[in-house]
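Me: I've got this structure open and I keep tripping over the vocabulary. Can we go through a few labels and see where each one comes from?

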Amino acid sequence: MAMPRVAVLGAGSWGTTFGKVLADGGADVMMWARRAEQAHEIREGKRNSQYLPGINLPRNLSATHHLAEALDGATQVYIAISSQALRQNLKGVRPLLGGSDAPIVSLMKGVEKKTGLRMSQVLEHELRCDPARIAVASGPNLALEIARQHPTAAVISSSSQETAEAVARRARNRYFRTFVNTDVIGTEFGGVLKNLIAVAIGIVDGVGYGENTKASIITRGLVEMTDFAVAQGAQPETLQGLAGLGDLIATCQSPLSRNNTAGRLLGQGYSFHEVVKQMDQTAEGLASVAPVLHLAREAGVQMPIVEQVKMVLDGTMNPRDIAPHLTTDDDEPTGERTTNESGGGGTALRRAIERALDQFRNRGRGAAGDRS
Ligand SMILES: NC(=O)c1ccc[n+]([C@@H]2O[C@H](COP(=O)([O-])OP(=O)(O)OC[C@H]3O[C@@H](n4cnc5c(N)ncnc54)[C@H](O)[C@@H]3O)[C@@H](O)[C@H]2O)c1
Ligand SMILES: O=P(O)(O)OC[C@H](O)CO
């Protein structure tokens, strides 16, 4: 029986690793690489030495630098391009999708700086496709560990349960297990927000602070992540799962994390520009800070950790002075629980209720998009 054909656009660290996951799960994988020589190395040498040194790629994974060849006959399309470059790359993809109804899967964990849009929203706008066709994958997924076949779990989310299940069935193998949900907002924002907390952890690591500081930031960071995501329409339990807490733990603990590494360099005293120069892979958190804070202010959500990360990035706060977990709104003692759990009219909860009422009133006059 012929193997199902899938396309993976983006042959960086995560795109190539995900291509291997799919190939090891039994798919015939065609990667699209930006550079011809990289496509050649993957196709002929079964290696991607720049991004995955020491990893042998499967025989049923090939590569091209022609988009049309990559997309030809694809039954599912996976995309792992740095978030700020997604929109421009999709311009070339749209005319090639033609009448295809193949699910489109975002593997990315950023928001667009200019618009504050999540990657599934950029896909929906640029490809003008039904949101039910779009899925996102997220979770504690450090590429190199998965490429080394360490057992790992992830979540596939789509507003369509059917799409989520079809993608999850394809994107699994003996070392990679996929769960499903329909909370696209929570799943995507989990991946975006944990990057920002990982930058904070890197900063305090670089400064030389210890485990108490880091545990405090991780714990308070999860509260910030949950408040923010719920205010945007996410289900709080998604943030307790693989796409929230799971990914937060992996990214904050691992030296493999680029966000964590970027933070560490900042904590050691390098400027933002020096850090960007040193990073040869995508650290999404650096570009997501400003749009996330903008959305947070609009929604009335407090994000003291992310605020202080921004100040360090802007050079207006000495990394040594960072203590975001000690910041409170009014310096009055407060409870530890999230605003939406605390009762007493938390802003995030109030806005979520207002939004639900709006949706209810507007029912039938506009699609709810990717809300579950
Ligand atoms: N690496 C991981 O462990 C991992 C895990 C899960 C999710 N992700 C997410 O996957 C996405 C891609 O990350 P990655 O690790 O593969 O990054 P990477 O830096 O390793 O690769 C980025 C890819 O984007 C491509 N690209 C296309 N046009 C570009 C342009 N104009 N500018 C820059 N790059 C361009 C590059 O060629 C490359 O293939 C990110 O959103 C990241 O958060 C990464
Ligand atoms: O290397 P990072 O910081 O982009 O993190 C990679 C993955 O998102 C971890 O799940």
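**Ligands, helices and two odd loops**

Reply: Sure. Let's begin with ligand 2, whose surroundings are Lys109, Gly139, Pro140, Asn141, Leu142, Lys194, Asp247, Thr251, Leu256, Ser257, Arg258 and Asn259. Keep in mind that this is a predicted model.

Me: How do you know that lysine 109 makes a polar contact with ligand 2?

Reply: Check the atoms and the distance. A polar side-chain atom of lysine 109 is 2.9 Å from an oxygen atom of ligand 2. The cut-off for a pair of N or O atoms is within 3.5 Å, so this pair counts. Lysine 194 has a polar side-chain atom 2.7 Å from an oxygen atom of ligand 2. For arginine 258, an N or O atom in the side chain is 2.5 Å from an oxygen atom of ligand 2.

Me: And what surrounds ligand 1?

Reply: There are 25 residues around ligand 1, and the closest are Ser13, Ala143, Arg258, Thr282 and Glu284. A side-chain N or O atom of arginine 258 is 2.9 Å from an oxygen atom of ligand 1. Threonine 282 places a polar side-chain atom 2.7 Å from an oxygen atom of ligand 1.

Me: What makes the asparagine 141 pair with ligand 1 a polar contact?

Reply: Here it's a backbone N or O atom of asparagine 141, lying 3.4 Å from an oxygen atom of ligand 1. The limit is 3.5 Å, so the pair qualifies.

Me: On to the helices. Why are α8 and α12 called oblique to each other?

Reply: Helix α8 (residues 184-207) and helix α12 (residues 258-267) pack at about 40°, with axes 6 Å apart. Roughly parallel needs an angle under 35 degrees, and roughly perpendicular runs from 65 to 115. About 40° fits neither, so the pair is oblique. Residues making the contact include Asn195, Ala198 and Val199 of α8 and Asn259, Asn260 and Gly263 of α12. By class, the contact has six nonpolar, seven polar and two charged residues. The crossing of α8 past α12 is right-handed.

Me: What makes α9 roughly perpendicular to α15?

Reply: The axes of helix α9 (residues 211-231) and helix α15 (residues 304-314) cross at roughly 110° and come within 8 Å. The perpendicular range is 65 to 115 degrees, so α9 counts as roughly perpendicular to α15. Ile217, Arg220, Gly221 and Glu224 of α9 meet Pro304, Ile305 and Val306 of α15. That contact has four nonpolar, one polar and two charged residues.

Me: Then why is α9 oblique to α11?

Reply: α9 and helix α11 (residues 242-253) pack at about 140°, with their axes 11 Å apart. Roughly antiparallel takes an angle over 145, and the perpendicular range ends at 115, so α9 is oblique to α11. The contact is made by Ile218, Leu222 and Met225 of α9 with Gly244, Leu245, Leu248 and Cys252 of α11. Its residues divide into six nonpolar, one polar and no charged.

Me: Last one: which value of phi does lysine 46 have?

Reply: Phi is near 55° there, a positive value in a residue other than glycine. Lysine 46 sits in the loop between α2 (36-45) and β3 (61-64). Glutamine 149 isn't a glycine either, and its phi is positive at about 70°. You'll find glutamine 149 in the loop between α6 (143-147) and β7 (152-157).

Conventions. Residues numbered from 1 in each chain as written. Chains lettered and ligands numbered in written order. Predicted model: local features only at pLDDT ≥ 70, side-chain atom pairs only at ≥ 80, totals over all residues. Heavy atoms only, no water. Axes fitted to C-alpha atoms, helices over the stretch in contact; angles between N-to-C directions. Helix = DSSP H or I, 4+ residues; strand = E, 2+ residues; numbered from the N terminus. Left-handed = near helix turned anticlockwise from the far one by under 90°. Contact = heavy atoms within 4.5 Å. Nonpolar A, V, L, I, M, F, W, Y, C, P; charged D, E, K, R; others polar. Near = heavy atom within 4 Å. Polar contact = N/O pair within 3.5 Å; in protein donor to acceptor, adjacent residues only side chain to side chain.
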